[in-house]
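Visitor: I'd like to learn how to read a structure feature by feature. Could you walk me through one?

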Amino acid sequence: MKKPLALLSMVLGATLQPASAQEMPSAQVKQGAIPHEPLLRRVLPNTANQEVMVFEAEYAPRGINPRHFHPAAITFHILSGTGVFQEDGKPPVTLRAGESLFVPTGTIHAHWNPSTTENLRFVEFIVAEKDKGRSIPRPLNK
């Protein structure tokens with residue numbers, strides 16, 4: 001008689017092992033994001049149309065923002081939990097509370113919460129042309 005886990009695995013057609021924390025989940029749409037109002041959004045003085053935006057982002061366990069880019073540079077700063085950030089063509093980077101990551105303008109990247117139990121909270125700092133700093137999705141087929 002087969003072991004119950006092996007039998008269930010055969011029935012489902014998959015192995016029942018957790019994905020590596022570094023492995024990007026297969027989602028192609030943003031999921032698990034918990035909305036927050038911007039902490040700050042203000043046109044910069046002495047500029048024609050530049051604004052600074054500061055957002056608190058929060059992702060439920062296994063939440064993801066798949067491949068996307070920003071038409072402006074962005075800095076991520078982790079408040080709590082653990083986040084994995086991956087730029088196209090580079091290995092994933094794991095960040096913990098108190099750590100930051102700078103992503104240059106136009107860099108295609110993804111980020112996700114690898115935890116199955118804890119939320120990930122971070123702050124995003126963006127300076128961009130007014131109303132142009134938020135993310136733009138990039139499907140896997142590029």
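Visitor: Let's start with H70. Is H70 buried or exposed?

Guide: This is a predicted model, so keep in mind that we are reading computed values. The idea is to compare the relative accessible area with a cut-off: buried means under 20%. H70 has a relative accessible area of 4%, so it is buried.

Visitor: Where does H70 lie in the chain?

Guide: In the loop between β3 (50-69) and β4 (74-80). Its side chain also makes a polar contact, at 3.4 Å, with the side chain of H68.

Visitor: And how does the burial of the chain as a whole come out? What percentage of the residues count as buried?

Guide: Of the 142 residues, 32% do. On the outside, the chain exposes about 8600 Å², with carbon and sulfur atoms supplying 57% of that area.

Visitor: How many helices and strands are there?

Guide: One helix and 10 strands. Reading from the N terminus, the order is α-β-β-β-β-β-β-β-β-β-β.

Visitor: Next, strand pairing. In which sense do β3 and β9 pair?

Guide: For pairing, you look at the bridges and at the sense in which the strands run. β3 and β9 are antiparallel, over 10 bridges. Within that pair, Q50 stands opposite E129 of β9. β9 also pairs with β4, again in the antiparallel sense, over six bridges. There, I78 has F122 in β9 as its bridge partner.

Visitor: Which residues have the most contacts inside the largest nonpolar core?

Guide: That core has 16 residues, and the ones with the most contacts inside it are F76, I78, F85, F122 and I126. The elements giving two or more residues to this core are β3, β4, β7 (100-103) and β9.

Visitor: Take F76, then. What does F76 touch?

Guide: Leaving out residues up to four places away in sequence, the contacts of F76 include F85, L101, V103 and F122. Polar and charged residues are on the list too, among them E99, H109, H111 and E124.

Visitor: What about contacts across the whole chain? What percentage of them join residues at least 24 apart?

Guide: Counting contacts between residues at least 6 apart in sequence, 73% join residues at least 24 apart. For a single pair, try R121 and I34: they are 87 residues apart along the chain, and their C-alpha atoms are separated by 9.5 Å.

Visitor: Where is R121, and what does its side chain do?

Guide: R121 sits in strand β9 (residues 120-129). Its side chain makes a polar contact with the side chain of E56, at 2.8 Å. Beyond four places in sequence, R121 touches E56, A57, E58, I78, L79 and S80. As for accessibility, the class between buried and exposed runs from 20% to 50%. R121 has a relative accessible area of 28%, so it is partly exposed.

Visitor: Last topic: backbone angles. What is phi of N46?

Guide: As background, most residues other than glycine have a negative phi. Phi of N46 is near 65°, a positive value in a residue other than glycine. N46 lies in the loop between β2 (40-43) and β3. With a relative accessibility of 84%, N46 counts as exposed.

Visitor: And R62: what is its phi, and where does R62 lie?

Guide: Phi of R62 is near 65°, again a positive value in a residue other than glycine. R62 lies in strand β3, and with a relative accessible area of 26% R62 is partly exposed.

Technical notes:
Residues numbered from 1 in each chain as written. Predicted model: local features only at pLDDT ≥ 70, side-chain atom pairs only at ≥ 80, totals over all residues. Heavy atoms only, no water. Helix = DSSP H or I, 4+ residues; strand = E, 2+ residues; numbered from the N terminus. Buried < 20%, exposed > 50% of the residue type's maximum accessible area, 1.4 Å probe, protein only. Polar contact = N/O pair within 3.5 Å; in protein donor to acceptor, adjacent residues only side chain to side chain. Contact = heavy atoms within 4.5 Å. Pairing = 2+ DSSP bridges. Areas by Shrake-Rupley, 256 points an atom, 1.4 Å probe, with all protein chains shown as cover. Core = buried A, V, L, I, M, F, W, Y, C linked by side-chain atoms within 4.5 Å.
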